[in-house]
Amino acid sequence: TLLDDCCMYHDLGKFWMTDITENSMRRLTDDEFLLIKEHPLRFEDVYARIDESDPRFMCIHDCAITHHLWHDGTRGYPNVPQTKNRPFADILAIADSIDAATDYLGRPYNSGKNIDQLVEEFRAGSGTHYGPEAVEAISVQEVRNKLQHIITEGRKEIYYNIYAFNDLPDDLLVI
């Protein structure tokens, strides 16, 4: 789907920053964080020409550029105009926030939050930092339960399958 593609390609601009993003043993320095804040705009470096006549590409482009911009446009980065694709960017902003706030494996300095803590933070920022419709969608208990599983056991399974035991048969995989 288009939303899947927006999510898949939103951090493409980090490609040029692997020396920084691959450093998972400590928090970023202030200077490193300033560099990382450039990654949304680096999305355009992948393409020699932006095809503004392709609405699918423009939605992916807009999500990549604005996924760290607050819903109301008052804060975040980069400082660019809002997009008509804001609903997709709102979903992506929440998904990206969940990933960053709960990653205790790829970011060992992070103890990770649970989904209930995050939903409360999202509710507190609904309408300003986060899109109200996206916040409402993840507030549903069934969605919260699925997200809690994904950020705990699901994350372990993904990491183990990708990084540690990708050559082992499933019956030997111990999680």
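**Exercise 1. Which residues in α7 meet which residues in α8?**

Work through this one on the predicted model above.

*Step 1.* Find the two helices: α7 covers residues 115–124, and α8 covers residues 132–139.

*Step 2.* Look for the contacts. On the α7 side they involve Val-119, Phe-122 and Arg-123, and their partners in α8 are Val-135, Ile-138 and Ser-139.

*Step 3.* Sort these residues by class. The contact of α7 with α8 has 4 nonpolar residues, 1 polar and 1 charged.

**Exercise 2. Describe how α7 and α8 are arranged relative to each other.**

*Step 1.* Choose the descriptors. Two packed helices are described by the angle between their axes and by the distance between those axes.

*Step 2.* Apply them here: the axes of α7 and α8 come within 10 Å and cross at roughly 155 degrees.

*Step 3.* Angles over 145 degrees count as roughly antiparallel, and α7 and α8 are therefore roughly antiparallel to each other.

*Step 4.* Add the handedness: the crossing of α7 and α8 is left-handed.

**Exercise 3. Decide how many disulfides the model has, then place Cys-7 and Cys-59 as buried or partly exposed.**

*Step 1.* Take the cut-off: a disulfide needs a pair of cysteine sulfur atoms within 2.5 Å. By this rule the count is 0 disulfides.

*Step 2.* Check Cys-7. The nearest cysteine sulfur belongs to Cys-6 and is 6.8 Å away, and Cys-7 is in no disulfide. With 28% relative accessibility, Cys-7 counts as partly exposed.

*Step 3.* Check Cys-59. Its nearest cysteine sulfur is that of Cys-6, 3.7 Å away, and Cys-59 is in no disulfide either. At 2% relative accessibility, Cys-59 counts as buried.

Terms used. Residues are numbered from 1 along each chain as its sequence is written. This is a predicted model: local features need pLDDT of at least 70, side-chain atom pairs count only at pLDDT 80 or more; totals for chains, interfaces and linings use all residues. Side-chain values use heavy atoms; hydrogens and water are left out. Buried means under 20% relative accessible area, exposed over 50%, partly exposed in between (1.4 Å probe, protein chains only). Axes are lines fitted to C-alpha atoms, for helices over the stretch in contact, and angles run from 0 to 180 degrees between N-to-C directions. Helices (H or I, at least four residues) and strands (E, at least two) are DSSP runs, numbered from the N terminus. Angles under 35 degrees count as roughly parallel, over 145 as roughly antiparallel, 65 to 115 as roughly perpendicular and the rest as oblique. A crossing is left-handed if the near helix is turned anticlockwise from the far one by less than a right angle, and right-handed if clockwise. Contact means heavy atoms within 4.5 Å. Ala, Val, Leu, Ile, Met, Phe, Trp, Tyr, Cys and Pro count as nonpolar, Asp, Glu, Lys and Arg as charged, and the others, Gly among them, as polar.
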